[in-house]
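Please look over the sequence and the structure below before reading on. The briefing that comes after them is written for someone meeting this structure for the first time.

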Amino acid sequence: MITRLLVANRGEIARRVFATCRALGVETVAVYSDADADALHVAEADRAVRLPGNSPAETYLRIDLVLDAARRSGADAVHPGYGFLAENAAFATAVTDAGLTWVGPPAKAIAAMGDKVEAKALLAEAGVPMLPTWTEADRTAEFPVLVKAAAGGGGRGMRIVRDAAGLADALASARREAAAAFGDGTVFVERYVERGRHVEVQIVGDAHGTVLALGERDCSIQRRHQKIVEEAPAILPDGVRARLHEAAVAAGRAVGYVGAGTVEFLLAPTGEFFFLEMNTRLQVEHPVTEAVTGLDLVRLQLLVAEGAPLPLAATPPATGHAIEVRLYAEDPAHGFRPATGILHRFAVPGVSGEFAPTRGLRLDSGVTDGSTVSVHYDSMLAKLVAWAPTRAEAARALAGALARAELHGVATNRDLLVRVLRGAEFGAARVDSGFLDRHPEVFAPLVPADGVPLAALAAALAAAAARRAAATVLAGLPSGWRNVPAFPQVARYAGPGGEIEVRYRLDRTGALADWSTDPATERTVALVEAAPDGVVLDVDGVRQACRVSRVGSAVFVDGPDGSTALAELPRFPPPAAALAAGSLLAPLPGAVARVHVEVGQRVAAGDALLTLEAMKLEHPVLAPADGVVAELPVPAGGQVEAGAVLAVVNPVEEAPA
């Protein structure tokens with residue numbers, strides 16, 4: 001029996017495993033980098049061991065440090081979570097060689113499935129359907145194709161190539177990204193299926209030869225080849241479900257699989273399906289399977305790791321429908337680049353439970369109010385899962401909870417997720433891996449353009465109410481009232497779309513006498529109530545309440561349409577050092593991976609100037625217009641903070657005619 005379990009991971013997945021351990025009476029051990037010393041998973045564990053090292057990300061990859069932590073803490077078992085060492089056969093071997101219980105599949109199975117090329121060859125012999133694949137790029141016989149990393153997943157090192165001319169660049173870029181993410185730059189090429197769906201089967205096996213399929217998930221909606229919406233069960237053509245499950249079980253048996261794993265398939269519009277890869281670990285999206293089966297997959301992992309047979313003999317029927325969304329720290333205003341900063345407020349209404357099969361709304365997260373989102377790790381903040389008797393009810397409940405959530409301080413992909421869930425195409429289950437490319441409307445913010453000035457007005461009125469509440473002189477005067485009505489109250493904010501100036505005047509009763517903004521709105525607005533933390537407005541005869549939160553100069557207004565982040569600007573801003581014209585700034589902290597141009601070189605609009613690497617992803621920095629490179633202040637390999645000048649491009653002056 002396992003008595004004390006070390007989780008060789010961090011954040012949300014560590015907390016997930018700890019939750020099941022608490023229910024089973026198993027003691028827990030966390031490991032942490034210096035950057036994670038105050039993280040939630042560290043506080044929740046019974047014991048915690050620091051992993052020393054100069055790189056916060058690499059400390060979790062040190063097998064020797066993790067095993068030493070297990071020895072020092074008295075752990076008798078290790079769970080790898082997902083990411084980091086989760087699919088590392090050498091780690092699994094080292095754990096068992098150290099006399100510890102490994103909560104995962106045998107090292108032999110991990111190794112067999114760890115190389116995507118070798119896995120395809122092995123499972124093809126077991127009768128699992130495969131796509132045409134080329135390991136030598138110059139032999140690629142058809143297009144479009146997909147370049148994929150042989151040693152990893154999660155969308156890293158993956159590129160769609162539609163013609164032979166783009167293959168060489170795609171291969172080079174994919175190899176660099178794969179090497180950064182997995183330490184192995186090997187890639188291969190396989191046929192790309194247009195409008196294919198990403199459907200995966202959850203399997204679980206025990207040491208007594210039993211391998212079961214526990215249902216399937218549709219994970220087709222992806223951005224940058226990374227899943228953002230997952231659901232169970234998948235909506236499938238007649239007869240496909242049984243064949244998918246049979247193929248997944250055949251894959252598991254072919255490698256002697258023990259524990260929880262996932263076999264991923266590409267489902268073509270014709271109903272054909274093809275093997276993509278096998279993930280020899282617990283998947284991020286496992287909660288939707290737990291929701292519709294009622295099973296605790298971590299509990300099953302622990303039981304089979306202890307040598308017990310599976311406590312079920314057949315695939316349980318799916319009950320109801322579950323949908324999961326991945327909430328990422330990303331900036332929609334800058335192409336959904338990973339965002340960093342302090343998460344001042346993280347609150348989701350209506351949550352029924354956390355980290356366990358739940359009817360209703362489930363939240364699995366690694367963050368809370370005040371958490372720091374750093375550049376060192378994946379930018380996923382949380383997973384929100386809704387279960388309901390029907391798919392439509394689950395989508396509606398999930399979208400509503402997301403829209404009402406208070407997410408302050410770090411930009412997120414929340415609005416995108418809500419629009420996907422509320423869209424007609426998603427409602428009709430017309431989804432595939434190209435869903436986001438075909439539906440640009442889902443990238444629009446929830447708050448419409450004419451709602452931003454109203455949010456700024458609410459922020460200004462709440463600020464005035466806060467000043468009046470703190471007043472010690474003439475405290476009985478209505479907030480915002482002035483004795484000289486010719487001069488209105490003025491507040492300035494930076495917000496979506498630029499600067500907003502709010503001008504308003506209250507009468508002697510505290511009513512809103514008049515107001516205006518730049519950009520202006522012609523809507524008729526009356527003030528119903530104003531408090532430091534909230535404002536109620538009557539807009540064109542309809543009342544709407546706004547919650548207002550302030551942290552320093554940052555103001556967050558949550559209303560019925562969505563959330564607006566504003567920054568209060570000083571009325572008399574101090575002079576600032578001007579940037580050189582044509583300066584290109586770093587959108588987030590990272591390292592300059594490569595510099596593609598030289599000072600003095602002429603470039604055209606859209607030319608790649610340099611590549612910034614952050615959070616294991618590559619972010620190209622492009623010339624905004626035709627010009628000449630005047631400055632390149634950061635060399636290749638240099639570290640930069642957000643806002644640092646990466647390059648200066650002077651525009652080219654046309655010669656007179």
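The points that follow are grouped by topic, from helices and strands to enclosed spaces, single residues and backbone geometry. The model is a predicted one, and every value quoted here is computed from it. Among the topics are a helix that is largely enclosed by the rest of the structure, a run of strands joined by hairpins, and a pocket of about 1,200 Å³.

**A largely enclosed helix**

- Helix α1 covers residues 11–24, and its 14 residues reach 21 Å from the first C-alpha to the last, which is close to the 20 Å expected at 1.5 Å a residue.
- Because 11 of the 14 residues of α1 are buried, the helix is largely enclosed by the rest of the structure.
- The buried residues of α1 are G11, E12, I13, A14, R15, R16, V17, F18, A19, T20 and C21.
- After α1 comes G25, a residue with a positive phi near 85°.

**Strands β24, β25 and β26**

- Strand β24 (residues 489–495) pairs with strand β25 (residues 498–506) in the antiparallel sense over 7 bridges, and A494 has E499 in β25 as its bridge partner.
- These two strands, β24 and β25, form a hairpin with 2 residues between them, and G497 in the turn has a positive phi of about 95°.
- Strand β25 is also joined by 6 bridges to strand β26 (residues 512–518), again with the two strands running antiparallel, and R503 stands opposite S516 in β26.
- The hairpin formed by β25 and β26 has 5 residues between the strands, and its turn includes G510, whose phi is positive at about 90°.

**Cavities**

- The structure holds 5 cavities of 30 Å³ or more, and the largest cavity has about 130 Å³ of space.
- Residues lining the largest cavity include V447, L454, Q544, C546, D561 and T564, and the lining as a whole divides into 6 nonpolar, 5 polar and 1 charged.
- Helix α15 (452–470) and the strands β29 (542–551), β30 (554–559) and β31 (562–569) each supply at least two residues of the lining of the largest cavity.

**The second largest pocket**

- About 1,200 Å³ of space lies in the second largest pocket, which is lined by 39 residues, with D331, P332, A333, A411 and A565 lying nearest its centre.
- Elements that each supply at least two residues to the lining of this pocket include β17 (337–338), β23 (406–408), α12 (414–422) and β24, while β31 gives the most, with 5 residues.
- The lining of the second largest pocket divides into 26 nonpolar, 9 polar and 4 charged residues.

**Single residues and their surroundings**

- T293 is in helix α9 (residues 286–293), and T293 counts as buried because its relative accessibility is 16%, with under 20% as the cut-off for that class.
- The side chain of T293 reaches the backbone oxygen of T289 at 2.7 Å, and a polar atom of the T293 side chain lies 3.2 Å from the backbone nitrogen of L295.
- T390 is in the loop between β22 (380–388) and α11 (391–404), and T390 is partly exposed, with a relative accessible area of 36%.
- The side chain of T390 makes a polar contact with the side chain of E393 at 2.8 Å.
- V592, in strand β33 (residues 590–595), is buried with a relative accessible area of 1%, and its C-alpha is 7.2 Å from that of L610, although V592 and L610 are 18 residues apart in sequence.

**Backbone geometry**

- Most residues other than glycine have a negative phi, and most peptide bonds are trans.
- The peptide bond from F143 to P144 is cis, with omega near 5°, and P144 lies in the loop between β6 (133–134) and β7 (145–149).
- A cis peptide bond also joins A232 and P233, with omega about -5°, and P233 is in the loop between β12 (226–232) and α8 (240–254).
- R224 has a positive phi, near 55°; R224 is in the loop between β11 (211–223) and β12, and at 36% relative accessibility R224 counts as partly exposed.
- F336, which is not a glycine, has a positive phi of about 60°; F336 is in the loop between β16 (330–331) and β17, and F336 is buried, with a relative accessible area of 7%.

Conventions:
Residues are numbered from 1 along each chain as its sequence is written. This is a predicted model: local features need pLDDT of at least 70, side-chain atom pairs count only at pLDDT 80 or more; totals for chains, interfaces and linings use all residues. Side-chain values use heavy atoms; hydrogens and water are left out. Helices (H or I, at least four residues) and strands (E, at least two) are DSSP runs, numbered from the N terminus. The expected span of a helix is 1.5 Å times one less than its number of residues. Buried means under 20% relative accessible area, exposed over 50%, partly exposed in between (1.4 Å probe, protein chains only). Two strands pair if DSSP finds at least two bridges between them. A polar contact is a pair of N or O atoms within 3.5 Å; within protein, one must be able to donate a hydrogen and the other to accept it, and residues adjacent in sequence count only if both atoms are side-chain atoms. On a 1 Å grid over the protein atoms alone, a cavity is a set of points where a 1.4 Å probe fits but cannot get out, and a pocket is an open set with protein on both sides within 12 Å along at least five of seven lines; lining residues have an atom within 4 Å of a point. Grid points are joined across faces, edges and corners, and a volume is the space filled by probe spheres set on the points. Ala, Val, Leu, Ile, Met, Phe, Trp, Tyr, Cys and Pro count as nonpolar, Asp, Glu, Lys and Arg as charged, and the others, Gly among them, as polar.
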